[in-house]
Amino acid sequence: MKGMTLERMEQACHARLCGAPADQKTIGQAEAAGIVIDSRQVKEGFVFVALPGERVDGHDFIPQVFAKGAFAVVCEREPEQAEGVCLLVDSSKEALKQLAVLYLDELDIPVVGITGSVGKTSTKEMIASVLSQKYLVHKTAGNFNNEIGLPLTVFGLRQEHEVAVLEMGISDFGEMSRLAAVARPRVSVITNIGICHLENLGTRDGILKAKTEVFDYLRDNATVVLNGDDDKLCTVAKVQGKAPVFYGMGETRPDGAAYDKKAIFADAVENRGLRGIDFDLHMPQSTHRVHVAIPGAHNVYNAMAAAAVGLAMGLSEAEICAGIEAARTIGGRTNLIEAGGYLVIDDCYNANPVSMKAALDVLAQGEGRTIAVLGDMGELGADEKQLHYEVGVYVAKKQIDWLFAAGELSRELVRGVCEYPDFTTQYDYFGTDVETLCARVCEFAQPGDTILVKASHFMDYPRIVKALTEEK
């Protein structure tokens, strides 16, 4: 890892050396081979950051990591016996972020930072696909978008990488400031201001305030890319004295918009169901007919955001279109899996009311019986029951054939279905018994069905996808 010497890490973390003899400080210009928080991932030359936890304390594994050849250990308390160099710090979590800042500074790789209430991951994938047409891209993997995951993503960078696409997820005030202080984006993307994390952020205005904390940590002359159709984001006039780049559907400006026109817009949308979507993408030089192979109209917005980032990073319009058309989904994000003669829409990575409705839009285009396997959505605050009820109404409105639901709040999903006038959706509710739901869905599914599986992460619905798609 370029520049990650013991001396520089000691300075970055404001650490005190302990453990090994003092002359270990003269270890020279040797650089760490990697930085991890999981002792099982330690290899010779790695730095192990010992994080204290409620169930597992990384400090307990310090002897083992030195036995595996660790370069150094970052820890909050001095081990009784240490066979190598320890960097003693006040907070291992803060040290993790400080090391990430040091490493990013050394590599000087431009960062594209992505946040928003909905669509962060799918937008990240689209942006990475576009930028890959010109650059070697490193991107956030899985859900590594918080104060632990972001630094770990940074540590995955290597000198050959030319751009980092980093997702930043928050649930409370101040978190974005701490993430952005690490990432310091040269391009900042906000997809929308929805109704996630209301439990801590209170209102959409609170969400806007929390998300836009990123603006305080941008690189000089950074480019800000915003959804111009979002009623909150469209009011942003200047960031660092510079107008944001706005994108959206059509040329029309929404009420209250602070901008004169959208830099990028789309129209003539043709939804091809589960085969994807076609649309006209208007960019500064010309208009292009583009095909996205991923189902769901929301992917038009993802594509427009990616186009704006591509232009900011110097790609041609032809390269941008090629990257959009090459984009694919990842597991848990509108991932289509054919198994047992039926089609499973694996969208169970996480859930909120907006993404639920978008997924139901996709399901409604399916062939055969349409089956929604839904569960609770978390962190919705005081209106959580009403928001679940509204999703249930949407299930009935879209005339989904069957609803299978589990979770305490999902009772409201079922109520929403039942109270919709002349509803045709049949349903089965399993309380909190996800295991029985899973068994019933597997028994019920038949060739020709289209089955959506979606809930918040804590519901562990990937086990339902696994049960449906494993070889029978």
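This is a short talk through the sheets, helix packing and two unusual loop residues of a predicted model.

Okay, hi everyone. Keep in mind as we go that this is a predicted model. I'll begin with strand 3, then move to the nine-stranded sheet, then the helices.

So, strand 3 covers residues 46-49. Which of its residues are buried, and on which side? F46 and F48 sit on one side, V47 and V49 sit on the other, and all of them are buried, so both faces of this strand are covered. Strand 3 also has partners. Strand 2, residues 34-36, pairs with strand 3 in the parallel sense, over three bridges. Strand 4, residues 72-75, pairs with strand 3 in the parallel sense too, again over three bridges. If you want one residue to click on, take F48: V36 stands opposite F48, and in strand 4 the bridge partner of F48 is V73. To get from strand 3 to strand 4, the chain passes through helix 2, residues 62-67, and this β-α-β crossover is right-handed.

Now the nine-stranded sheet. It's an open sheet with mixed pairing, and the strand order reads 7-8-6-9-10-11-12-13-14. Which strands stand at the edges? Those are strand 7, at 137-139, and strand 14, at 287-292; each has a single partner strand, so one side of each has no neighbour in the sheet. On average, neighbouring strands here are turned by 20° against each other, ignoring direction. Zooming in on one pair, strand 11 (residues 245-249) and strand 12 (residues 264-271) run parallel and are joined by three bridges. Look for M249 there, whose bridge partner in strand 12 is A266.

Some helices lie across these strands. Helix 4, residues 120-131, lies across strands 6, 7, 8, 9 and 14, and runs at about 170° to strand 8. Helix 10, residues 317-326, lies across strand 13 and strand 14, at about 20° to strand 14.

Next, helices against helices. Helix 1 is residues 6-13, and its axis comes within 9 Å of the axis of helix 3, crossing at roughly 125°. The two helices are therefore oblique to each other, and their crossing is right-handed. From helix 1, the residues making contact are R8, M9, A12 and C13; they meet A95, Q98, L99, L102 and E106 in helix 3.

The other pair is helix 12 (residues 384-397) with helix 13 (residues 410-418), packed at an angle of about 45° with their axes 6 Å apart. That makes this pair oblique, and the crossing is right-handed. The contact list includes H388, Y389 and V393 from helix 12, and L413, R415 and V417 from helix 13.

Last bit: backbone oddities. Most residues other than glycine have a negative phi. Which residues here have a positive phi without being glycine? D108 is one, at about 55°, and R184 is another, at about 40°. D108 lies in the loop between helix 3 and strand 6, while R184 is found in the loop between helix 6 and strand 9. Are they buried or exposed? D108 has 46% relative accessibility, so it counts as partly exposed. R184 has 17%, which is under the 20% cut-off, so R184 counts as buried.

That's my tour, thanks for listening.

Methods:
Residues are numbered from 1 along each chain as its sequence is written. This is a predicted model: local features need pLDDT of at least 70, side-chain atom pairs count only at pLDDT 80 or more; totals for chains, interfaces and linings use all residues. Side-chain values use heavy atoms; hydrogens and water are left out. Helices (H or I, at least four residues) and strands (E, at least two) are DSSP runs, numbered from the N terminus. Buried means under 20% relative accessible area, exposed over 50%, partly exposed in between (1.4 Å probe, protein chains only). Two strands pair if DSSP finds at least two bridges between them. A crossover is right-handed if, with the strands pointing away from the viewer, the path from the first strand over the helix to the second runs clockwise. Axes are lines fitted to C-alpha atoms, for helices over the stretch in contact, and angles run from 0 to 180 degrees between N-to-C directions. Contact means heavy atoms within 4.5 Å. Angles under 35 degrees count as roughly parallel, over 145 as roughly antiparallel, 65 to 115 as roughly perpendicular and the rest as oblique. A crossing is left-handed if the near helix is turned anticlockwise from the far one by less than a right angle, and right-handed if clockwise.
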